[in-house]
Amino acid sequence: MADRVHPRDSPPISAESQSASPQDSSVVPQALRPPPSEKPVPPPGTYVIKIPKDQVYRVPPAENARRYDQYTHRKHRRSRCCCCCCWLIGILFILIVLLGIAAGIFYLVFRPEAPKYTIEDIAIRGINVTSPSSDVAISPQFNVTVKADNPNDKIGIYYLKDSSAEVFYNDARLCNGAIPAFHQPSNNVTVLGMVLKGNGIELRSEDRKSLAESQTKRKVPLTVRIRAPVKIKVGSVKTWKITVKVDCDVTVNELTAQAKIVSKRCDYKVDLW
């Protein structure tokens, strides 16, 4: 007959085991608990993404490297453009300051003044607005005397060729000509005589009628326009060629050789280029 095998004595039950109810599944014997993990456990609400090792790049792939190069190139080009703009603005500012200083010194040394122009006399021939035929062309001649005053102490004016002088009634040009070339020294007043002629001028009926009415009122408004290329001499230095523009509004009492100036006003400006 086989020997009977008796079970080994069970270990003593602790007080904690006795207090725990057999239904409490949270109480697990110490021997059955898994060992604590050595890796840190992420906090709740976070995610851990696992990427295969062969997809982790230390150098970006070709298409991404191309994009990165384009981005850095644009960034460097933008920075170079900003630097160039800053340098350009700085140089322009310095040039403006230097020009302002030079202009101030020039004004203090030479004290420039604008020349003055006036119409001294005007004689008119060849205009007959009382003719019964309104379609007859006219060939007027204007003898115009202009006074040019240069009040500067150290500045001379050289009047060059290719000048022009014209006389208008409203928008109708009556005659044209030129002023002679001459040199006007400093502190000088020069009186110029110009002969301006028109040939075959056909006036509109309304202009002819208005001209006749103005002569009846003994107030005929005319406009004298002068364009003269000049060079300014400052000391021993001459400037480039600039254009003097003179516009004079002149009112005469009649359209004859004995015409008298009733009123006059001249405006003057210069084109530097």
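Which residues line the largest cavity? In this predicted model, the lining is made up of Tyr117, Val146, Ala148, Tyr159, Ile179, Leu192, Met194, Ile226, Ala228, Val244 and Val246. The volume of the largest cavity is about 80 Å³, and the count of cavities of 30 Å³ or more comes to one. By residue class, the lining of the largest cavity holds eleven nonpolar residues, no polar ones and no charged ones. Four strands, β2 (141-150), β7 (188-197), β8 (220-234) and β10, each contribute at least two residues to this lining.

Strand β10 also takes part in the disulfide. A disulfide is a covalent bond between the sulfur atoms of two cysteines. One such link is present in the structure. It is formed by Cys248 and Cys266, with 2.0 Å between their sulfur atoms. The link of Cys248 and Cys266 is right-handed, with 110° about the S-S bond. Cys248 belongs to strand β10 (residues 242-252) and Cys266 to strand β11 (residues 261-271), so the disulfide ties together parts that are 18 residues apart in sequence.

The two partners were also examined for accessibility. Cys248 has a relative accessibility of 1% and therefore counts as buried, since buried means under 20% relative accessible area. Cys266, at 24% relative accessibility, counts as partly exposed. Two further cysteines can be described in these terms. Cys175 counts as buried because its relative accessibility is 1%, whereas Cys85, at 45% relative accessibility, counts as partly exposed.

Strand β11, which holds Cys266, also contains Lys264. Lys264 has a relative accessible area of 41% and is partly exposed. Leaving aside neighbours within four places in sequence, Lys264 is in contact with Ile119, Glu120, Asp249 and Val250. For one of these partners, Val250, the separation from Lys264 is 14 residues in sequence and 4.4 Å in space, taken from C-alpha to C-alpha. With Ile119, the approach involves the side chain of Lys264, which reaches the backbone oxygen of Ile119 at 3.0 Å.

Strand β10 thus appears in two of these descriptions: β10 supplies at least two residues of the lining of the largest cavity, and the same strand holds Cys248 of the disulfide.

Technical notes:
Residues are numbered from 1 along each chain as its sequence is written. This is a predicted model: local features need pLDDT of at least 70, side-chain atom pairs count only at pLDDT 80 or more; totals for chains, interfaces and linings use all residues. Side-chain values use heavy atoms; hydrogens and water are left out. A disulfide is a pair of cysteine sulfur atoms within 2.5 Å. Buried means under 20% relative accessible area, exposed over 50%, partly exposed in between (1.4 Å probe, protein chains only). Contact means heavy atoms within 4.5 Å. A polar contact is a pair of N or O atoms within 3.5 Å; within protein, one must be able to donate a hydrogen and the other to accept it, and residues adjacent in sequence count only if both atoms are side-chain atoms. On a 1 Å grid over the protein atoms alone, a cavity is a set of points where a 1.4 Å probe fits but cannot get out, and a pocket is an open set with protein on both sides within 12 Å along at least five of seven lines; lining residues have an atom within 4 Å of a point. Grid points are joined across faces, edges and corners, and a volume is the space filled by probe spheres set on the points. Ala, Val, Leu, Ile, Met, Phe, Trp, Tyr, Cys and Pro count as nonpolar, Asp, Glu, Lys and Arg as charged, and the others, Gly among them, as polar.
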